Amino acid sequence: MARRFILLLFVAVALSRGASGQRDHPRGRSFDPELHPIKNVEEQQSQYWVDKAQAKLLSKLAETQAAHANKAKNVILFLGDGMSVHTVTATRNFLGDSAEQVYFEGFPYTGLSKTYCVNRQVADSACTATAYLGGVKGNYGTIGVNANVPRYNCDGAQLEENQVLSIAQWAQAAGKDAGLVTTARVTHASPAGVYAHIADRNWENDWEVNNRNCSSEHTIDIARQLVEQTVGQNLKVILGGGRQNFINTTVNDEEGYPGLRTDGRHLIKDWLEQKKSANVSANYVWSRKGLSQVDLDNTDYLLGLFASSHLPYNGDRERKRSQLANPSLTELTEAAIRVLSRNNEGFFLFVEGARIDMAHHDTYARRSLEDTAEFARAVQRARELTSEDDTLIVVTADHAHVMSINGYPFRDQEIFGLAQLADDNLPYTILSYANGPGYTTGYNGVEGRAQLKEKFTDNADYQYPTLVPLTAESHGGDDVAVYASGPNAQYFSGNYEQSNIPALMGRSAGIGPYA
């Protein structure tokens with residue numbers, strides 16, 4: 001009898017284990033579901049989803065029939081630095097709900113680009129700039145040169161056969177104007193891809209070149225290339241930050257910050273003198289007020305350097321009430337389009353939302369999504385100021401980041417908050433990173449996993465938890481999305497090399513080697 005009971009017990013346990021194996025993966029213990037009713041009651045009805053699918057089908061049919069085959073007069077490339085697909089998805093929730101669309105997600109054509117560089121699986125903003133602006137992949141850390149040039153090489157970038165010409169040069173050669181806008185220093189990796197050829201992205205001024213035992217007279221730094229070399233000299237609009245790389249250490253800028261140059265050059269004055277000698281109208285501004293006073297409709301050249309280094313995070317502009325002093329990316333984009341639109345032949349404009357990436361590196365998830373939302377507003381303003389009939393707008397990222405969206409949060413929970421309770425009975429955040437400086441936020445040697453609270457995540461300075469401790473969070477190797485609207489936007493569907501992007505833009509506009 002006892003043996004029979006033990007046998008029956010063994011069978012019951014075995015069956016129980018088999019049944020549990022058929023269940024969903026454990027999800028942790030949620031907060032009280034009764035506090036989270038269905039957010040949109042219409043979603044409970046099947047017809048809601050049927051109608052939504054029907055509307056999408058009709059819009060896709062209309063887009064296919066209306067696909068533009070004419071050439072693009074103007075091309076605007078928007079680059080959300082580090083704007084991974086996860087970043088865009090999280091921004092939807094930040095804007096109100098998971099069902100929202102970030103503005104450019106409404107563009108009719110979407111693709112994915114592969115971001116690796118020649119010698120790294122996970123790319124940086126330098127080698128990617130060469131790819132999406134010049135059509136050639138290079139080595140990590142290099143800009144505007146092919147993979148024959150190793151990083152830190154003093155001489156390779158000077159050889160013409162190693163240089164990669166950007167789509168800005170193609171546009172200028174075709175009689176169009178070109179310009180750039182960024183919330184980073186205008187000599188930073190991404191905007192430098194518009195005009196520079198350099199073996200190290202950090203060589204933004206002469207001191208950095210000399211510090212790597214190269215000669216700054218032979219290896220021209222990025223700031224000098226912008227002012228002195230052909231593509232940079234002919235840019236009609238340059239808007240961003242980075243005054244420090246244009247002035248000497250003995251000179252203070254308009255806000256009292258010293259420069260970083262050691263060659264005695266004042267490149268802002270040099271730029272103004274060039275334009276004066278060419279007898280063209282040119283304006284240099286360093287503040288939002290100064291920009292507002294420029295007659296944009298009668299300006300040939302516009303240089304705006306609005307910070308010693310990078311421009312502030314967009315959310316910080318609001319928190320610190322500095323909107324009157326610091327222009328937004330949307331305002332800079334509108335100013336650039338107004339100046340460039342004076343050329344009847346058209347223009348190429350590069351616009352970068354740089355601080356999406358920088359916030360991720362510090363695991364400041366809130367700041368990153370705030371800058372993504374502002375980036376989307378700039379795209380929307382550009383689309384409003386131009387026509388889909390003659391202006392191609394392409395929106396993409398250079399690389400991804402290692403932020404993920406975790407757990408099974410309720411629809412009405414804020415994306416910056418806590419997901420649910422883990423197996424150790426402690427909550428964890430909806431957003432977290434694989435690595436980065438937020439390691440001590442989620443773990444410490446005394447408590448182990450930290451007791452997280454919603455009030456922590458309300459702070460913009462909160463660094464989201466990471467699995468691996470790093471001084472700066474790393475990039476991710478994921479493919480990134482490409483969104484397109486305007487003439488020949490259909491070219492941008494599918495999956496392709498990041499270096500194909502300028503070829504597709506050039507073909508659409510009839511410029512460069514792919515025309």
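Here are legends for a set of views of this predicted model, starting with the whole chain and moving on to individual sites.

**Figure 1. The whole protein chain, with its 18 helices and 19 strands.** The radius of gyration is 26 Å, close to the 24 Å that the globule rule gives for 515 residues, so the chain is as compact as a globular protein of that length. Along the principal axes, the C-alpha trace spans about 105 × 60 × 45 Å. If you follow the contacts between residues at least 6 apart in sequence, you will find that 71% of them join residues at least 24 apart.

**Figure 2. Surface and charge of the protein chain.** Of the 515 residues, 52% are buried. The accessible surface comes to about 23000 Å², and carbon and sulfur atoms account for 51% of that area. As for charge, there are 48 positive and 60 negative side chains. The centres of these two sets lie 3 Å apart.

**Figure 3. The disulfide between Cys-154 and Cys-214.** A disulfide is a covalent bond between the sulfur atoms of two cysteines. The count for this model comes to one disulfide, and here you can see its two sulfur atoms 1.9 Å from each other. The link is left-handed, with -75 degrees about the S-S bond. Cys-154 sits in the loop between α4 (125–134) and α5 (167–173), while Cys-214 sits in the loop between α7 (206–211) and α8 (222–228), so the pair ties together parts that are 60 residues apart in sequence. Cys-214 has 6% relative accessibility and therefore counts as buried, the cut-off being under 20%.

**Figure 4. Helix α4, a mostly covered element.** Ten of the ten residues in α4 are buried. Among them are Ser-125, Ala-126, Thr-128 and Tyr-132, along with Leu-133 and Gly-134. Cys-127, another residue of this helix, has a relative accessibility of 3%. What do the buried residues of α4 pack against? Their partners include the strands β1 (74–80), β7 (347–353) and β17 (475–476). They also pack against the helices α5, α6 (189–192) and α18. Just after the helix comes Gly-135, whose phi is positive, near 85 degrees.

**Figure 5. Ala-509 in helix α18 (residues 501–509).** Is Ala-509 buried or exposed? Its relative accessible area is 8%, so Ala-509 is buried. Leaving aside neighbours within four places in sequence, Ala-509 is in contact with Lys-71, Ala-72, Val-75 and Lys-176. For a sense of distance, look across to Leu-431: Ala-509 and Leu-431 are 78 residues apart in sequence and 40 Å apart in space, C-alpha to C-alpha. The helix that holds Ala-509 has already appeared in the view of α4, where α18 is one of the packing partners.

**Figure 6. Asn-326 in the loop between α12 (314–319) and α13 (329–340).** Although Asn-326 is in a loop, this residue is buried, with a relative accessible area of 17%. Which residues is Asn-326 in contact with, leaving aside neighbours within four places in sequence? They are Arg-288, Phe-306, Pro-312, Arg-317 and Glu-331.

**Figure 7. Cys-117, a buried cysteine.** The relative accessibility of Cys-117 is 2%, so this residue counts as buried. You may like to view Cys-117 alongside two other cysteines from the earlier figures: Cys-127 at 3% and Cys-214 at 6%.

Notes: Residues numbered from 1 in each chain as written. Predicted model: local features only at pLDDT ≥ 70, side-chain atom pairs only at ≥ 80, totals over all residues. Heavy atoms only, no water. Helix = DSSP H or I, 4+ residues; strand = E, 2+ residues; numbered from the N terminus. Rg over C-alpha atoms; globule rule 2.2 N^0.38 Å. Buried < 20%, exposed > 50% of the residue type's maximum accessible area, 1.4 Å probe, protein only. Contact = heavy atoms within 4.5 Å. Areas by Shrake-Rupley, 256 points an atom, 1.4 Å probe, with all protein chains shown as cover. Lys, Arg positive; Asp, Glu negative; His and termini not counted. Charge placed at Lys NZ, Arg CZ, Asp CG, Glu CD. Disulfide = S-S within 2.5 Å.
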